[in-house]
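Trainee: I have the file open. Can we go through how its labels are justified?

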Amino acid sequence: MANLAFATALLRHRLQLLGSFLRSRDRLRQPHAVDRGTLPEVGIGTGVRHGSICRGPLAYVTLRGSGHRRKVGYDSQSDGLANRVKDGGMAVLDLIPRAEGAELDNGEFDETFDVVVVGYGFAGGVAAIEAADHKAKVLICEKMPLAGGLSICSGGAVRCATDAADAFAYLKASNAGKTPDEVLKVLADGMVNAKAYVEQLVACVEGAALKPTEFSGKGGGNYPYPGWQTFYHTQVDVPPTFDRAKHFPKVRTRPSSGGPGMFWVIDTNVRNRGIDVRVSAPVKRLIRTASNEVRGVVIGGPNGDRRIRTRRAVILACGGFEANEEMKRNYWEGTPVLIASCRGNTGDGIRMAQAVGADLWHMWHFHGCYAFKHPDTDFPFALRVKRLPDWNPAKKNEADVKMVWIIVDQRGRRYMNECPPYCQDTSHRPMHFMDSETMSHPRIPSYLITDERGRKTYQLADVRTNDHQYAYDWSEDNTKELELKILRRANSIEQLAAEIEVDPLALKSSIERWNALCDRGVDEDYGRPAGTMMKIDQPPYVFGQVWPTVSNTQGGPVHNANQQIIDIAGQPIPRLYAAGELGSSFGHLYLSGGNIAECFVTGWVAGREAAVLEPWG
Ligand SMILES: Cc1cc2nc3c(=O)[nH]c(=O)nc-3n(C[C@H](O)[C@H](O)[C@H](O)COP(=O)(O)OP(=O)(O)OC[C@H]3O[C@@H](n4cnc5c(N)ncnc54)[C@H](O)[C@@H]3O)c2cc1C
C-alpha cells in the first residue's frame with residue numbers, strides 16, 4: 001500500500017512539474033506587470049496635479065474599482081497610474097509619493113527654518129532635538145500620516161558599550177573593510193555615551209525610566225569578533241499608566257517591544273522643545289544652488305507644495321528603501337523581498353542625495369529574515385516568523401529555545417540552518433541562491449514545515465507594522481492562520497509533498513534525515529544548535545510558504561564622520577547631512593541594537609553639526 005501511495009504521489013509530482021514548467025513559460029511571455037515609466041530628470045519636477053492624481057513618481061498606490069475588490073500596486077510614474085484609473089474605472093484611495101530629486105534655487109520661499117529634518121523616526125527625532133538644543137529653529141517633515149517610521153515597530157534596544165576601543169575593534173572586524181575607521185570610531189564612541197543620552201531623554205518624561213541592564217537583552221555582540229564582550233543593550237521602561245494602544249492605535253508590535261515606549265520618550269522631548277512637526281508632509285525635492293549647495297526643500301501637503309528655505313542645513317533621516325520595489329529589484333538578487341513594517345521608506349533620501357551627486361554604499365546589505373505572506377494580496381506587509389533568542393557562536397551550547405520548524409526548498413530539500421546566530425538578521429541570505437542550471441531561484445518561496453506539536457508550542461509568527469491603513473494580528477494558537485490558509489495541514493508526507501508540489505521521496509528523506517539528526521542531537525548538515533532542534537513527527541504536518549523579508553535596509557548615501565553626505569568625487573555636499581539607517585555604517589555583518597544606536601549617534605552628530613553651521617546669505 002505504502003509503495004502504491006508513493007508511486008501515485010510521484011506521478012502526481014511529475015505532472016505538477018510539467019504544469020509549473022508550462023505556466024512559468026507562459027509567464028515569461030507576458031509583458032512586465034509593473035508600469036515602470038521613466039525616471040524624472042534631476043532638477044525637474046513641477047508637482048502639477050492631474051485630476052485627483054498628483055503627477056510625479058509614486059511608490060505605492062491603492063485603487064478601488066466600482067463594486068470590485070481593491071487593487072494595490074507600485075508605480076514608478078503617476079502617468080501609468082492615470083491610465084489604469086482611466087481604463088479600469090478605478091478610484092484612488094491611497095497614494096504614497098516618492099521624492100524626485102533636486103531643483104535650482106530661484107530665490108522664492110514660503111517659509112524659513114535653520115534646519116529641516118526629513119523623516120520622523122528615531123533618527124529624525126534625535127537629530128531635531130540636538131539641533132534645537134544648539135539653538136536652531138527646526139522643522140520635521142514626515143511623509144506618512146503617522147510619525148514613527150519603522151523605528152516605532154522595533155524592539156527599541158539601543159546597543160551600548162562599556163569600552164570604546166573594544167567597540168571599535170568589533171565594528172572594524174564585523175564591517176570587513178567596508179566602512180572607514182573614522183566613521184566607525186564615532187559610532188563606537190557614541191555607543192559608550194548612548195546610555196547616558198537615553199537617560200537624559202527619559203529624565204524629561206514623567207514616569208519613564210531605563211530598564212535595568214540585566215533585563216535589556218543578553219550582553220555581548222552577536223559574533224565572537226575582538227571586543228564583543230563590551231556590548232549590552234539599553235531600553236526604555238514605560239510607566240504602567242502608559243497605554244500604547246491609546247497613544248499609537250495603529251501600531252502593531254509584540255507587547256514586550258520597546259519601540260513604542262522609546263518613540264513616546266523621543267516625541268515628548270521633541271514636543272517639549274516646541275519643534276515644528278508636520279505629518280503628511282512629504283519632502284519632494286531638495287533645493288540647491290548652481291554650485292550644489294543645499295538651500296532648502298520642497299514639501300507636499302494637502303494645500304499644495306511649499307518651498308522651505310533652510311538657513312543652515314537639511315538632514316535626511318528618511319530611512320531606507322524597504323518599500324521601493326524597483327530599487328529592491330535593482331540592488332538585490334532574490335525577488336520578491338517582502339517588507340516588514342513601514343510603507344513610507346521608499347528610498348527618497350537616496351534619490352534626493354543622488355540628485356545632488358551623492359555616492360552610495362552598502363546597497364546590497366539588509367537586515368531581514370523569512371516570513372509568511374497574507375493571502376489578501378492588498379495586505380502589504382510580511383508576517384515574520386517568531387523571533388527566537390539570538391546565540392553567539394562562541395556560546396552555541398547556550399541556545400536552548402526549540403525552533404519547531406525546518407525550511408525546505410521547492411524540491412523538498414533542507415538547505416540551511418534555520419536558526420543562525422542572529423536569525424532575524426541573516427536567515428534570508430541563503431534564500432537568494434540562484435540555480436543556474438534551471439535558471440530559477442528554487443528557495444523563493446521556500447516552505448516552513450512543522451507538525452501539530454509545533455503548532456501548539458507557540459505563536460509561529462507576528463506582525464510589526466506602523467500603517468494608517470493596514471493591520472493584522474496573528475493568533476496565539478495559529479488557528480486563524482489555518483483558517484486563512486496562511487498555514488495548511490497535511491495528514492501524511494505524501495499529502496504534504498502533493499500540496500507543495502515536490503518529489504515525495506525527496507521530502508520524505510529530508511524529514512526522516514532531520515528526525516534522525518534530532519535523535520543524535522547534532523545537525524551534521526547545517527550546524528543548527530542542538531538546543532533548538534525538535535523532531536517533526538506528530539502529524540498532521542503544518543506548513544506554509546515563506547519568503548525573504550526586509551526589516552530595514554543599510555544602504556544609502558556615503559557619509560563622513562560628521563554625517564555630511566559625500567559626493568562621487570569624495571567631497572561633502574554643502575549643507576546636506578544623513579542620519580539613521582539611511583546610508584548606515586553596517587556594511588557586512590550587522591550588530592543587533594546597532595541601527596538604533598546609530599539613530600542616536602548619527603542623529604546627535606548631524607543635528608549638532610547642522611545647527612552650528614554659519615547661515616548662508
Ligand atoms: C520589527 C523591527 C524590529 C527592530 N528592532 C530593532 C532593535 O531592537 N534595535 C535596533 O537597533 N534596530 C532594530 N530594528 C531596526 C531599526 O528599528 C531601524 O533601522 C531604525 O529604527 C530606523 O530608524 P530611522 O529613523 O533611520 O528610519 P525610520 O524609523 O524608518 O524613519 C524614517 C521616516 O522617514 C519617512 N520618510 C521617508 N521618505 C520621506 C520623505 N520624502 N519626506 C518625509 N518623510 C519621509 C518615513 O515615512 C519614516 O517615517 C528593527 C526593525 C524592525 C523592522
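Mentor: Start with the end of helix 4: Ala176 follows it, with a positive phi near 50 degrees. This is a predicted model, where local features need pLDDT of at least 70, side-chain atom pairs count only at pLDDT 80 or more, and totals for chains, interfaces and linings use all residues. Residues are numbered from 1 along each chain as its sequence is written.

Trainee: What makes helix 4 a helix by length?

Mentor: Helices are DSSP runs (H or I, at least four residues), numbered from the N terminus; strands are E runs of at least two. The expected span is 1.5 Å times one less than the number of residues. Helix 4 has twelve residues, 164-175, so 16 Å is expected; its end C-alpha atoms are 16 Å apart, which agrees.

Trainee: Which residues of helix 4 are called buried?

Mentor: Asp166, Ala167, Phe168, Tyr170, Leu171, Ser174 and Asn175. Buried means 20 or more other C-beta atoms within 10 Å of the residue's own, with C-beta atoms placed from the backbone; 12 or fewer is exposed, in between is partly exposed. Their cover includes strand 9 (158-161) and helix 5 (181-203).

Trainee: Why is helix 15 called largely enclosed?

Mentor: Of its 18 residues, 17 are buried, so the rest of the structure largely encloses helix 15.

Trainee: What surrounds the ligand?

Mentor: A shell of 42 residues, each with its C-beta atom, placed from the backbone, within 6 Å of the ligand. The closest are Gly119, Gly121, Gly149, Gly344 and Gly580. Helix 15 gives the most, four residues.

Definitions and conventions. Contact = placed C-beta atoms within 7 Å.
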